[in-house]
Amino acid sequence: MLTEEQIQKFKADGYLRGGQVVSDEVVEVLRSEVLRVIDGRNGPGFQPVLLHNFGKEEAPVWQIVNIWEASEPFHELIHNPTIVEEMAQLTQAKTLRIWHDQIQYKPAVTGGVNMWHQDAPLWPILAPMTEVTAWVALDDVDEDNGCMRMVPGSHLWGNHMDMLAKLPNFEAMMTEFEGRPIEVRSCPVRKGEVHYHHALTWHGSGNNHSGRPRRAIALHFMTDETRFVASGEHVMKPFVHVADGEVMAGEHFPVVYPA
Ligand SMILES: O=C(O)CCC(=O)C(=O)O
């Protein structure tokens with residue numbers, strides 16, 4: 001459970017570091033599941049929706065979308081009682097569904113950047129832009145191995161994805177935007193801990209310069225007000241079976257709260 005102070009902090013900043021939600025033993029299981037799914041990607045059995053290098057060849061960022069559909073331990077994780085209860089506190093939603101998940105794996109030494117972005121504009125098949133993500137670290141993550149950085153308060157400024165996409169590199173964040181001072185905060189997270197962010201918060205993560213891997217999973221959740229926008233495109237679109245404008249539902253977007 002989050003305290004009222006934590007909820008108010010999330011509302012003001014657009015992100016919040018939570019506590020430990022997964023034990024060291026379960027982290028080990030989840031790490032081995034990531035390897036099993038990568039090794040088995042061309043074999044039989046359930047496969048994730050996508051498994052690709054989202055970065056450069058020489059600076060990879062491996063992403064797996066919907067590993068929960070290919071791995072029972074990750075299926076359990078999307079129902080983690082602490083995460084879904086805290087998510088309900090942060091969104092004030094009566095019902096929550098998983099939208100999709102994303103493994104974000106930056107290999108030791110070479111792992112690349114995840115450029116500055118807002119999540120919701122990259123999800124044009126959903127409206128309104130109110131989703132919240134629970135990001136669970138599977139390694140201790142800090143500046144050396146590419147922790148996330150966030151711009152506090154930016155979730156209140158609207159959709160500025162076009163502007164963010166024009167930044168030439170990850171270090172190029174400006175110090176002021178439309179008269180507002182910009183502050184960039186690093187968000188270190190210990191393995192097994194959760195970190196929440198709003199779908200309009202400006203965020204990204206730097207290179208993994210360390211000798212340690214940086215593995216994490218982003219669990220993107222949607223509330224009972226989230227509707228399907230058929231004019232948009234997204235890798236999850238083939239799995240949506242509701243009509244344009246209807247509330248999102250279906251077996252690929254199961255209810256996780258209430259349990
Ligand atoms: O893991 C990262 O570096 C970025 C994750 C992210 O962009 C997200 O969870 O929305």
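How many bridges join β4 to strand β14 (residues 214-223), and in which sense do the two strands run? The legends below start with the whole chain and then take up this pairing and other details. This is a predicted model, in which local features need pLDDT of at least 70, side-chain atom pairs count only at pLDDT 80 or more, and totals for chains, interfaces and linings use all residues. Residues are numbered from 1 along each chain as its sequence is written, and side-chain values use heavy atoms, with hydrogens and water left out.

**Figure 1. Overview of the chain, with five helices and 16 strands.** Helices (H or I, at least four residues) and strands (E, at least two) are DSSP runs, numbered from the N terminus. The C-alpha trace spans about 50 × 45 × 40 Å along its principal axes. The radius of gyration of the chain is 17 Å, which agrees with the value near 18 Å for a compact globule of 259 residues; the radius is taken over C-alpha atoms, and the globule rule is 2.2 Å times the number of residues to the power 0.38. Of the 259 residues, 53% are buried (buried means under 20% relative accessible area, exposed over 50%, partly exposed in between, with a 1.4 Å probe and protein chains only). The chain exposes about 11,500 Å², and carbon and sulfur atoms supply 53% of this area. Accessible areas come from the Shrake-Rupley method with a 1.4 Å probe; for residues, only the protein chains shown count as cover. Among contacts (heavy atoms within 4.5 Å) between residues at least 6 apart in sequence, 81% join residues at least 24 apart.

**Figure 2. Strand β4 and its pairing partners β3, β14 and β16.** Two strands pair if DSSP finds at least two bridges between them. β4 is joined to β14 by 10 bridges, and these strands run antiparallel. Strand β3 (residues 62-65) pairs with β4 in the antiparallel sense over four bridges, and tryptophan 62 has tyrosine 105 as its bridge partner in β4. Two bridges join β4 to β16 (residues 255-257), again antiparallel. Arginine 97 stands opposite valine 255 in β16, and the bridge partner of arginine 97 in β14 is methionine 222. β4 (residues 96-106) is largely enclosed by the rest of the structure, because 11 of its 11 residues are buried.

**Figure 3. An open sheet of four strands in the order β5-β13-β8-β11.** The pairing in this sheet is antiparallel. Its edge strands, each pairing on one side only, are β5 (114-117) and β11 (185-187). Neighbouring strands are turned by 25° against each other on average, direction ignored; axes are lines fitted to C-alpha atoms, for helices over the stretch in contact, and angles run from 0 to 180 degrees between N-to-C directions. Strand β8 (residues 148-150) is joined to β11 by three antiparallel bridges, and methionine 150 has arginine 185 as its bridge partner in β11.

**Figure 4. Cysteine 147 and cysteine 187, without a disulfide.** The structure holds zero disulfides, a disulfide being a pair of cysteine sulfur atoms within 2.5 Å. The sulfur of cysteine 147 has its closest cysteine sulfur in cysteine 187, and the two are not bonded because 6.6 Å is too far. Cysteine 147 is buried at 2% relative accessibility, and cysteine 187 is buried at 5%.

**Figure 5. Threonine 226 and the cis bond before proline 128.** Threonine 226 lies in the loop between β14 and β15 (227-228) and is buried, at 1% relative accessibility. Not counting residues up to four places away in sequence, threonine 226 touches Leu126, Ala127, Pro128, Glu131, Glu246, Val247 and Met248. Alanine 127 and proline 128 are joined by a cis peptide bond with omega about -5°. Proline 128 is in the loop between β6 (126-127) and β7 (132-137).

**Figure 6. Asparagine 66 and glutamine 92, two residues with positive phi.** Most residues other than glycine have a negative phi, and most peptide bonds are trans. Asparagine 66 has a phi of about 60° and sits in the loop between β3 and α3 (72-77). Glutamine 92 also has a phi of about 60°, in the loop between α4 and β4. Asparagine 66 is buried, at 0% relative accessibility, whereas glutamine 92 is exposed, with a relative accessible area of 57%.
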